[in-house]
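Work through these exercises with the sequence and the model side by side. Try each task before you read its solution.

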Amino acid sequence: MMAEHEIDLSLLPHGVRKFVEVLGVDRAVSLLKQHQLRMMYIPLNPRPEHEFCQVFGTELAMHLSENHGAKSYQIPKVDKVLLQFRNQEIIKAHEQGVPVQELAEQYGLTRQCIWLILSGTTLSTGDPFALEAQLDLLGDKHRQIDLPL
């Protein structure tokens, strides 16, 4: 049996956190992949026969009913969880000797993004100046190396 993934809940959007807390990472990811962005009704007093309870369980429905009971609720996207899994894979592969350039090609990312992941830095904005400032903190290890001719 595969071990449960570890994840930093503080990096997840608020809506996803409760799913992961109640269902566990792997089960939450599996169910969210199947149902993300669907609208589902959260009953005020959840019972096992309600659709949401049949899919996600009564315990999660009870937690969500506190703020969303008797309302339609859009199931959150799972992309932030998957990004954490990807980043963990990149770090592990690099620790096992996979070069940054190979990781960049394998994951379709720039070398700079790989270095940010390896340094533990996360970008919360698409601001190019913020990216450059964070790359400057890394020194020259993210820069392209000029090879002699």
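## Exercise 1: The buried side of α2

The buried residues of α2 pack against α1, α3 and α5 (79-95). Keep in mind that this is a predicted model.

**Task.** List the buried residues of α2. Then find which residues H35 touches, leaving out residues up to four places away in sequence.

**Solution.**
Step 1. Go along the helix. The buried residues of α2 are V25, A28, V29, L31, L32 and H35.
Step 2. Check H35, which is found in helix α2. Its relative accessibility is 12%. Buried means under 20%, so H35 counts as buried.
Step 3. Look for its partners. With residues up to four places away in sequence set aside, H35 touches V55, F56 and I75.
Step 4. Look past the end of the helix. L37 follows α2 and has a positive phi, near 75°.

## Exercise 2: Two faces of a strand

**Task.** Decide which side chains of β1 are buried and which are not. Then name the bridge partner of Y41 in β2.

**Solution.**
Step 1. Follow the side chains along β1, where they alternate. M40 and I42 point to one face and are buried. M39 and Y41 point to the other face and are not buried.
Step 2. Find the neighbouring strand. β1 is joined by 4 bridges to strand β2 (residues 71-74). The two strands run antiparallel.
Step 3. Pick out the pair. Y41 has S72 as its bridge partner in β2.

## Exercise 3: A residue of β2

**Task.** Is Q74 buried, partly exposed or exposed? What does Q74 touch, not counting residues up to four places away in sequence?

**Solution.**
Step 1. Place the residue: Q74 lies in strand β2.
Step 2. Classify Q74. The relative accessible area is 43%, so Q74 is partly exposed.
Step 3. List the contacts. Not counting residues up to four places away in sequence, Q74 touches L37, R38 and M39.
Step 4. Compare a distance with the chain. Q74 and I42 are 32 residues apart along the chain, and their C-alpha atoms are separated by 9.8 Å.

## Exercise 4: Salt bridges

**Task.** How many salt bridges does the structure have? Work through three of the pairs, K18 with E21, E51 with R38, and R47 with E49.

**Solution.**
Step 1. Apply the rule. A side-chain nitrogen of Lys or Arg must lie within 4 Å of a carboxyl oxygen of Asp or Glu. The count comes to 4 salt bridges.
Step 2. Take K18 and E21. Their side chains meet at 3.2 Å, N to O. The two residues are separated by about one helical turn, because they are 3 residues apart in helix α1 (residues 14-23). K18 is partly exposed at 28%. E21 is also partly exposed, at 47%.
Step 3. Take E51 and R38. Here the N to O distance is 2.3 Å. This pair links distant parts of the chain. E51 is in helix α3 (residues 51-56), while R38 is in the loop between α2 (25-35) and β1 (39-42), 13 residues apart. E51 has a relative accessible area of 42% and is partly exposed. R38, at 30%, counts as partly exposed.
Step 4. Take R47 and E49. Their side chains form a salt bridge at 3.7 Å, N to O. R47 is partly exposed at 47%, and E49 is partly exposed at 48%.

## Exercise 5: Helices that cross

**Task.** How are α6 and α7 oriented to each other? Which residues make their contact?

**Solution.**
Step 1. Read the geometry. The axes of helix α6 (residues 100-107) and α7 come within 9 Å and cross at roughly 105°.
Step 2. Classify the angle. Angles of 65 to 115 degrees count as roughly perpendicular, so α6 and α7 are roughly perpendicular to each other.
Step 3. Name the contact residues. α6 supplies V100, Q101, L103 and A104. α7 supplies R111, I114, W115 and L118.
Step 4. Check burial in helix α7 (residues 111-119). R111, I114, W115, L116 and I117 are buried there.
Step 5. Look past the end of α7. G120 follows, with a positive phi near 85°.

## Exercise 6: Cysteines

**Task.** How many disulfides does a search of the whole structure find? Are C53 and C113 buried or partly exposed?

**Solution.**
Step 1. Recall the bond. A disulfide is a covalent bond between the sulfur atoms of two cysteines.
Step 2. Search the whole structure. The result is 0 disulfides.
Step 3. Classify the two residues. C53 is buried, at 6%. C113 is partly exposed, at 31%.

Note on methods: Residues numbered from 1 in each chain as written. Predicted model: local features only at pLDDT ≥ 70, side-chain atom pairs only at ≥ 80, totals over all residues. Heavy atoms only, no water. Buried < 20%, exposed > 50% of the residue type's maximum accessible area, 1.4 Å probe, protein only. Pairing = 2+ DSSP bridges. Contact = heavy atoms within 4.5 Å. Disulfide = S-S within 2.5 Å. Axes fitted to C-alpha atoms, helices over the stretch in contact; angles between N-to-C directions. Parallel < 35°, antiparallel > 145°, perpendicular 65-115°, else oblique.
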